[in-house]
Every structure is written in C-alpha cells, then in structure tokens.
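Colleague: Please take a close look at a single part of this model for me, the salt bridges, and then go on to what surrounds them. Plain wording is fine.

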Amino acid sequence: MTGPHRSIRLIEDRCTSCMICVRECPVWCITVQAHTEPDAGSEGSRRPRLHNVLDRFAIDWSVCMYCGICVDECPFDALAWSDDRVTPAGSAGGLVHERDRLAPAPGPVSGPA
C-alpha cells in the first residue's frame, strides 16, 4: 500500500462482478449485485457464453476498516485507493456509497501503484 488512501474508488469498466472483493472483505461492507447476459460473440454456438453485468456496487463506509484487502485482492484492478475523503453524513445510510459516488473523477485512470 503506497500513497494516500482516504477512500476507495470503483473503476467500473474493469469490474467483472467476480465477487472476490465481497468474499475477502473482513467486515462485509461491500455489496455487489449482477446478472448474466449472453455474450454477443457466442451467438449461434452450441454452448453460448455468458458474462456478468454489474447492477449494483456499494461500500458502506460506516463499517469499512480501510484495510485495503479488497483493493489488493481485486484481480482486475477495478478498485483503487483514492485521496478523496468520505464525506460525512447525517445518518449511517448516508455512508453507503453507490457506483456513482465511487467512480473516479473524470480524467485518466492509472493502474495500481
């Protein structure tokens, strides 16, 4: 782990909904929901391939320990540390950040440090 880490961001186009982050999180603060769709390239084949489509990705900052296991274990580098602070909320429910709030700020996204 290097550099500042005040929160975790989701690089959505890298996420395959593999659920490894959910399984490895010691406090279960990550929620992932996805569904499968047929892969367009496998049409007409005897055994069509499926791929996961991410429906929901959320982190509950009121539970997160900021341990970074999810960042370290993601095989697709879909999670990364961010130096953005988690904004305070008036209730615990306000600390559940969905995909839109976990997305990195516009601009180039680099890989892990």
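Modeller: Arg56 and Glu98 form a salt bridge, and their closest N and O atoms are 2.8 Å apart. This pair links distant parts of the chain. Arg56 lies in strand E3, while Glu98 lies in the loop between strand E5 (96–97) and H3, 42 residues apart. Keep in mind that the model is predicted.

How exposed are the two partners? Arg56 has a relative accessible area of 26%, and Glu98 has 28% relative accessibility. Buried means under 20% and exposed means over 50%, with partly exposed in between. Arg56 is therefore partly exposed, and Glu98 is partly exposed as well.

The count of salt bridges comes to two. The other one joins Arg99 to Glu12, with the closest N and O atoms 2.6 Å apart. Arg99 is in helix H3 (residues 99–102) and Glu12 is in the loop between E1 and H1, so this salt bridge ties together parts that are 87 residues apart in sequence. Arg99 counts as partly exposed because its relative accessibility is 23%. Glu12, at 33% relative accessibility, also counts as partly exposed.

Next comes the nonpolar core. The largest one has 22 residues. Among those with the most contacts inside this core are Ile8, Ile30, Phe57, Ile59 and Leu79. Several elements give two or more residues to the core: strands E1 (7–10), E2 (30–38), E3 (50–60) and E4 (79–82), along with helices H1 (20–24) and H2 (69–73). The largest share, three residues, comes from E3, the strand that also holds Arg56 of the salt bridge with Glu98.

Ile59 can be followed further. Apart from its neighbours within four places in sequence, Ile59 is in contact with Ile8, Cys29, Ile30, Leu95, Val96, His97 and Leu102. Two of these, Ile8 and Ile30, are named with Ile59 among the core residues with the most contacts.

Strand E4, which gives two or more residues to the core, has residues pointing two ways. Leu79 and Trp81 point one way, Ala80 and Ser82 point the other way, and all of them are buried. E4 pairs with E1 in the antiparallel sense, over four bridges. At one of the positions, Ser7 has Ser82 of E4 as its bridge partner.

Note on methods. Residues numbered from 1 in each chain as written. Predicted model: local features only at pLDDT ≥ 70, side-chain atom pairs only at ≥ 80, totals over all residues. Heavy atoms only, no water. Core = buried A, V, L, I, M, F, W, Y, C linked by side-chain atoms within 4.5 Å. Buried < 20%, exposed > 50% of the residue type's maximum accessible area, 1.4 Å probe, protein only. Contact = heavy atoms within 4.5 Å. Pairing = 2+ DSSP bridges. Salt bridge = Lys/Arg side-chain N within 4 Å of Asp/Glu carboxyl O.
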